[in-house]
Amino acid sequence: MALHEKDNIRDKLFDDIYACCDLSSKLPKYKFPKKEHNPRNVYQVVHDELMLDGNSRQNLATFCSTWMEPEVHNLMEECIDKNMIDKDEYPQSAEIESRCVHMLADLWNSPDAANTMGCSTTGSSEAAMLGGMAMKWRWREKMSALGKSTDKPNLVTGPVQICWHKFARYWDIELREVPLEKGRLLLTAEEVIAHCDENTIAVIPTLGVTFTCQYEPVEEISNALDQLQKDTGLDIPIHVDAASGGFLAPFVDPDLKWDFRLPRVKSINASGHKYGLSPLGVGWVIWRNSEDLHKDLIFEVNYLGGNMATFALNFSRPAGQIISQYYNFLRLGKEGYRKIHQSCYDTAQYLADMIAKIGPFKIIYDGHGGIPALCWTLKDGVNPGFTLYDFADRLRNRGWQVPAYSMPPNREDLVIQRILIRHGVSRDLCDLLLEDINRCIEYFKTNPVTKPLSEDEAGGYRH
Ligand SMILES: *Cc1c(COP(=O)(O)O)cnc(C)c1O
């Protein structure tokens, strides 16, 4: 069509992306598209749809990184084509992964950090599977050597993250998750001993329990297991689920003994993408000694060129997260991690004080003795006009995600609400949140959604 006829073709020109033919009709959503589309248009559609997702920085439910330095964005872009599994094609990425393993072994006080076994994973969940398998294999070998049955392995834990429920179910292991009680929301040494027997493949204390964010007493549990061994001969290893705590305690609480300083701790997992400050998609598992990781679990592959050992659930995996982890280690060092995390603790403790002052809330965890976080419940005998579920819902109106949830078995009656303070959740942001919290409380005073308590329920409490 000749240029002088352009008035006739005006409709066919892309004056505006939203007026073009792609975007003036619906794009297919659940059927595979027949035709191709213009990249610019499709990008805009996908970009726009993502606006409906929550804003991650206001998501106070997540433990995962939601703010990264610009250099990390650059490294992620530079690594977009690197496949972690292909150690022959990307030997430097493999070397960097291996350096991270040694740095973590050193950070966690491995007696022999230079020769430690370990690997990166997609997160603590995969790391837990690998750590758990190593324990099952070791236990089975020990029992077989004694001519004993290997039919009924069990795992003793406190209120664990869902990954251990998965591990137990997928690998056919009885999960002995010690039930909670009124006044006890963590695993104790006493309960551990009461639940262990010769079929216990390991005890899993958590350094930063998902529900309340507190640390379980690893050293006490380890001492109690030492005593159990003296008394009965049972030698039960510890694997620490340090998903969050593994990247907090070494920097902020270096005297806390929870790691390889305790000889009974045979393996540790942690999430690089939580307080390790890397982008999503990296976790770590480290074994104390090479004999703690059974040789049967390691595969050798040679079809990528070169012979390489692999122990993982996944095969192909992006390298960027691991490279960014290495960047963070070099960039921050112990000093930088301590500064960032200490300021998170300060903010969590400040917020806990402020929320305690508001009135209807009872603080369960105030940011001391666990990870930088806080959680609370409603005071007994108080009816502020809302449940914590209503409160969470109302806060969502301003974009804040502050989840309310019930506790694990035996304390399902206890509903709590939790806030995680991470890199990028500043004091200033918390003050804005506090304003919104106060606004919500005022709103429910005039628009209550729960029935007033009877005299009995209120127990004489006057709000
Ligand atoms: C987050 C978390 C996990 C799971 O880790 P991912 O990295 O999300 O797979 C396991 N255990 C604990 C204690 C956690 O906090």
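# A walk through a three-domain model

Let us begin with two ends of the picture: the C-alpha centres of domain 1 and domain 3 lie 44 Å apart. Keep in mind as you look around that this is a predicted model. The domain assignment places domain 1 at residues 3-53, domain 2 at residues 71-332 and domain 3 at residues 342-446. If you drew a box around the C-alpha atoms along the principal axes, that box would be roughly 95 × 75 × 45 Å.

What is the protein built from? Its secondary structure comes to 12 helices and 13 strands. The protein has 463 residues, and 50% of them are buried. You can also ask how the chain meets itself. Take the contacts with a separation of 6 or more: residues 24 or more positions apart account for 70% of these.

Now let us zoom in on a pair of helices. Helix 2 covers residues 70-78 and helix 9 covers residues 320-358, and their axes come within 9 Å of each other. The two axes cross at roughly 145°, and the crossing is right-handed. Which residues make the contact? Helix 2 brings Glu71, Val72, Leu75 and Met76, while helix 9 brings Gly320, Gln321, Ile323, Ser324, Tyr327 and Asn328. Sorted by class, this contact of helix 2 with helix 9 has 5 nonpolar, 4 polar and 1 charged residues.

Stay with helix 9 a little longer, and turn to charged side chains. Side chains of opposite charge can pair when their charged atoms come close. How many salt bridges does the structure hold? There are 19 salt bridges. One of them joins Arg331 to Glu69, with the closest N and O atoms 2.8 Å apart. This pair links distant parts of the chain: Arg331 sits in helix 9, Glu69 sits in the loop between helix 1 (39-50) and helix 2, and the two are 262 residues apart. Are these partners buried or exposed? Arg331 is partly exposed, with a relative accessible area of 43%. Glu69 counts as buried because its relative accessibility is 15%, and buried means under 20%.

Another salt bridge connects Asp259 and Arg261, and here the closest N and O atoms are 2.8 Å apart. Asp259 is buried, with a relative accessible area of 1%, whereas Arg261 is partly exposed at 31%.

Arg261 also leads us to a neighbour, Pro254. Setting aside residues within four places in sequence, Pro254 is in contact with Ala249 and Arg261. You will find Pro254 in the loop between helix 8 (249-252) and strand 6 (265-271). Pro254 counts as partly exposed, with 45% relative accessibility. Looking back along the chain, Val240 is 14 residues from Pro254, and the C-alpha atoms of these two residues are separated by 16 Å.

Next, travel on to domain 3, which runs over residues 342-446. Here Asp413 forms a salt bridge with Arg411, the closest N and O atoms being 3.1 Å apart. Asp413 is exposed, with a relative accessible area of 53%, while Arg411 is buried, with a value of 9%. Salt bridges can also share partners, and in this way Arg398, Glu435, Asp436 and Arg439 are joined into one network.

Our last stop is the backbone, at two residues that are not glycines but have a positive phi. For Asn109, phi is about 60°. Where is Asn109 found? Look in the loop between helix 3 (91-107) and strand 1 (117-121). Asn109 is partly exposed, with a relative accessible area of 32%.

For Cys213, phi is about 75°. Cys213 belongs to the loop between strand 4 (200-204) and helix 7 (218-232). Is Cys213 buried or exposed? Cys213 is buried, with a relative accessible area of 0%.

As a final exercise, try finding these places in the structure yourself. Start from the crossing of helix 2 and helix 9, follow helix 9 to Arg331 and its salt bridge with Glu69, and then look for the network of Arg398, Glu435, Asp436 and Arg439.

Definitions and conventions:
Residues are numbered from 1 along each chain as its sequence is written. This is a predicted model: local features need pLDDT of at least 70, side-chain atom pairs count only at pLDDT 80 or more; totals for chains, interfaces and linings use all residues. Side-chain values use heavy atoms; hydrogens and water are left out. Axes are lines fitted to C-alpha atoms, for helices over the stretch in contact, and angles run from 0 to 180 degrees between N-to-C directions. Helices (H or I, at least four residues) and strands (E, at least two) are DSSP runs, numbered from the N terminus. A crossing is left-handed if the near helix is turned anticlockwise from the far one by less than a right angle, and right-handed if clockwise. Contact means heavy atoms within 4.5 Å. Ala, Val, Leu, Ile, Met, Phe, Trp, Tyr, Cys and Pro count as nonpolar, Asp, Glu, Lys and Arg as charged, and the others, Gly among them, as polar. Domain bounds come from an automatic or database domain assignment. A salt bridge is a side-chain nitrogen of Lys or Arg within 4 Å of a carboxyl oxygen of Asp or Glu. Buried means under 20% relative accessible area, exposed over 50%, partly exposed in between (1.4 Å probe, protein chains only).
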